[in-house]
Amino acid sequence: MMRIPQILKRLRGSSLGMNRSAATAQALVMCALCGALAGCQTTAGGTRSTADSVVSRGEAVAGRCDFLPESQRPAWVTTRPNTDDYIGVGQAGTNESPEMQIRAAEDSARGSLASEVKVKIQEQLTQNLCEGQCGADEQIIIHQKTESKTKQTLKGAKIQHRWLDRGSCMVWVLVTLPRDKVELRRVMMFNQSPPSIEMAGFLLGHLERVLREDLAVVPADAKFAGCVLDSASPECQDRGRTIYGTLAVALEREAVSSDGQFRQRNFRAKGGLWLQDRQVSSFDVTCKGRAEARADAQTLDRAAAEACRDKVKQTLRQDLEMMD
């Protein structure tokens with residue numbers, strides 16, 4: 001039979017176990033409550049939930065839709081303006097900052113303008129280089145020139161208007177570019193060589209083909225010959241975007257090899273391009289045509305013209321790229 005002291009000792013042990021269980025349960029309840037209240041933030045004015053913070057941030061976004069002057073919706077947002085200029089309209093929604101949103105809308109407008117300008121430039125180059133019937137080589141040149149010319153041309157674009165739709169917090173931008181900035185510049189080449197130098201005509205044809213990669217070649221008109229040296233005259237001012245070029249070729253030497261089997265003709269070609277009151281390109285090269293002694297002079301002249309072209313074309317291309 002169990003004695004009374006042993007019974008009391010066991011009762012005290014059971015009581016302690018129950019107390020530990022109760023304490024454990026209480027701790028679990030407290031943990032759950034803390035988890036539920038984890039979204040609370042204590043401030044000087046009391047507690048504030050995460051949801052309240054989100055709403056507050058939403059109010060801050062809505063409240064910033066006044067960073068541009070308030071005005072009625074302009075017509076160009078929905079209707080193309082009545083202008084001869086090329087235009088681009090862009091838009092952008094809310095961003096990290098008003099500045100970034102405006103910049104995004106401007107970039108969008110320039111992208112829209114670029115699409116329109118690129119089509120026109122490609123059309124001009126296609127007609128200029130190969131009259132619409134282009135081979136693979138011409139297509140490569142046209143693609144490269146279209147990309148570079150579009151990028152260069154867009155530097156002249158101007159932002160005409162920015163508008164903020166406060167209802168949607170959308171920024172709209174209108175960008176324009178004058179039509180004459182997209183038209184290819186014209187070039188008029190004057191052959192100042194003696195009429196007896198047939199090689200000059202061959203070389204002029206080669207150089208005009210090189211120029212067509214960037215410019216619209218127009219027939220030389222004698223009344224504009226003086227514009228090369230005097231661009232201030234009234235007739236030259238009327239054609240202010242036209243480039244005037246000159247070519248002068250001289251035969252320096254003609255010889256037959258000592259064994260009589262070959263003939264050679266040595267030429268010197270000089271010239272340049274002028275735009276308004278400045279010279280934008282110049283060249284001075286020597287070249288020769290060599291063939292069998294029985295070959296006619298025209299064969300020698302054609303070979304010499306090709307040799308001169310190869311020396312001059314890189315200079316022309318580089319100078320035209322730097323012109324604008």
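Two strands count as paired if DSSP finds at least two bridges between them. With that in mind, a good place to start in this predicted model is strand E5, where Val 171 is the bridge partner of Ala 92. That contact belongs to a longer run: E3 and E5 (residues 170-177) are joined by seven bridges and run antiparallel.

Stepping back a little, E3 and E5 are part of an open sheet of three strands, in the order E3-E5-E4, with antiparallel pairing. E3 and strand E4 (158-165) sit at the edges, each pairing on one side only. From one strand to the next, the twist averages 15°. Helix H3 lies across E3, E4 and E5, and its direction makes an angle of about 145° with E3.

Now for the charged side chains. The structure holds 16 salt bridges, and one of them brings H3 back into the picture. Glu 116 pairs with Arg 80, with 3.2 Å between the closest N and O atoms. This salt bridge links distant parts of the chain: Glu 116 belongs to helix H3 (residues 98-130), while Arg 80 is in the loop between helix H2 (50-63) and strand E3 (86-92), 36 residues apart. Glu 116 has a relative accessible area of 26%, so it counts as partly exposed. Arg 80 is partly exposed too, at 44% relative accessibility.

Another salt bridge ties two helices together. Here the side chains of Arg 209 and Glu 138 meet at 3.3 Å, N to O. Again distant parts of the chain are linked, with Arg 209 in helix H6 and Glu 138 in helix H4 (residues 136-153), 71 residues apart. Arg 209 is partly exposed, its relative accessible area being 41%.

A further pair is made by Arg 309 and Asp 310, whose closest N and O atoms are 3.1 Å apart. Arg 309 is partly exposed at 22% relative accessibility, and Asp 310 is partly exposed at 42%. Elsewhere, salt bridges link Glu 254, Arg 263, Arg 265 and Asp 301 into a network.

Last comes an acidic residue that is tucked away. Asp 214 is found in the loop between helix H6 (198-211) and strand E7 (216-217). Its relative accessible area is 8%, so Asp 214 counts as buried, the cut-off being under 20%. Leaving out residues up to four places away in sequence, Asp 214 touches Lys 145, Lys 149, Leu 184 and Leu 320.

Technical notes:
Residues numbered from 1 in each chain as written. Predicted model: local features only at pLDDT ≥ 70, side-chain atom pairs only at ≥ 80, totals over all residues. Heavy atoms only, no water. Helix = DSSP H or I, 4+ residues; strand = E, 2+ residues; numbered from the N terminus. Buried < 20%, exposed > 50% of the residue type's maximum accessible area, 1.4 Å probe, protein only. Contact = heavy atoms within 4.5 Å. Salt bridge = Lys/Arg side-chain N within 4 Å of Asp/Glu carboxyl O. Axes fitted to C-alpha atoms, helices over the stretch in contact; angles between N-to-C directions.
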